[in-house]
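Okay, thanks for having me. I'd like to walk you through one model today, so let me put it up on the screen.

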Amino acid sequence: MMRAKNIVFIGFMGCGKSTLARALAKDLDFVFLCSDFLIEEKFNQKISEIFAEKGEEFFREQERKMADFFCSCSGACIATGGGFINVSNLKKMGFCIYLKASFEYLKRRLNENELSKRPLFRDEIKAKKLYNERLSKYEQKADFVLNVENKSIKELLDAVKKVIK
């Protein structure tokens with residue numbers, strides 16, 4: 001089996017990075033890591049609160065620190081935040097999988113509770129602009145692109161396992 005150092009999931013908000021990374025980690029007996037969760041734990045605050053109190057640039061700096069940490073890890077399935085693709089050392093972290101879905105699909109997937117956790121999705125016009133800006137970055141940084149629309153976790157896991165074996 002081609003064992004990547006880590007399996008890193010990238011993609012826009014709501015595409016299922018945490019869900020899939022957690023399921024894969026369980027399946028492969030890897031460690032599950034989530035950049036957003038770890039940042040929230042560090043400050044004992046929700047991302048929306050960190051954005052509101054300390055600003056986006058502060059949050060991005062925390063993501064860069066997280067990326068440095070992930071580079072030193074091995075045997076992890078890593079869920080990253082939607083903007084994590086801007087860290088410079090993404091490729092060094094492991095095998096990168098872009099979970100691709102249309103903006104409309106993602107919007108339908110996110111309920112009110114989910115939307116409230118995502119400060120950058122509050123303004124739909126801005127969110128759509130951000131989605132369009134990030135699209136090509138996700139494609140460029142990914143080692144593998146996986147369309148997640150209307151697929152079950154099992155179907156997605158099977159597709160990922162075929163690629164990483």
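I'll start with the sheet, then go through the helices and a few residues.

Some ground rules. This is a predicted model, where local features need pLDDT of at least 70, side-chain atom pairs count only at pLDDT 80 or more, and totals for chains, interfaces and linings use all residues. Residues are numbered from 1 along each chain as its sequence is written, and side-chain values use heavy atoms, with hydrogens and water left out. When I say helix (H or I, at least four residues) or strand (E, at least two), those are DSSP runs numbered from the N terminus.

So, the sheet. It's open, with five strands in the order E2-E3-E1-E4-E5 and parallel pairing; two strands pair if DSSP finds at least two bridges between them. E2, 31-34, and E5, 144-147, are the edge strands with a single partner each, so one side of each has no neighbour in the sheet. From one strand to the next, the twist averages 20°. Look at E4, residues 95-100: four bridges join it to E5, running parallel, and Ile 97 sits opposite Phe 144 in E5.

Now what packs on it. Helix H8, residues 124-141, touches E1 (6-10), E4 and E5, and its direction makes about 145° with that of E4. Contact here means heavy atoms within 4.5 Å, and the axes are lines fitted to C-alpha atoms, for helices over the stretch in contact, with angles from 0 to 180 degrees between N-to-C directions. Helix H2, residues 35-43, lies across E2 and E3 (76-79), at about 70° to E2.

Which residues have the most contacts inside the largest nonpolar core? They're Ile 7, Phe 9, Ile 10, Phe 12, Leu 90 and Met 93, in a core of 56 residues. By nonpolar core I mean a set of buried Ala, Val, Leu, Ile, Met, Phe, Trp, Tyr and Cys residues joined through side-chain atoms within 4.5 Å. Buried is under 20% relative accessible area, exposed is over 50%, and partly exposed is in between (1.4 Å probe, protein chains only).

Take Met 93, in helix H5, 90-93. Its relative accessible area is 0%, so it's buried. Beyond four places in sequence, Met 93 touches Lys 5, Asn 6, Val 8, Ala 67, Phe 70, Cys 71, Ile 78, Thr 80 and Phe 84. With the same cut on neighbours within four places, Leu 90 has contacts including Val 8, Ile 10 and Phe 84.

On to helix H3, 47-54, where the buried residues are Ile 47, Ser 48, Ile 50 and Phe 51. Why do we say they share a side of H3? Because they cover an arc of only 165° around the axis, taking the directions from the helix axis to the C-beta atoms. The face turned away from that buried side carries exposed Ala 52 and Glu 53. Right after H3 comes Gly 55, with a positive phi near 90°.

Just ahead, in the loop between H2 and H3, there's Gln 45. Is Gln 45 buried or exposed? Buried, at 12% relative accessible area. Its side chain makes polar contacts with those of Glu 53 at 2.9 Å and Lys 54 at 2.8 Å. A polar contact is a pair of N or O atoms within 3.5 Å; within protein, one must be able to donate a hydrogen and the other to accept it, and residues adjacent in sequence count only if both atoms are side-chain atoms.

Last stop is Lys 161 in helix H9, 153-164. Lys 161 counts as buried because its relative accessibility is 17%.
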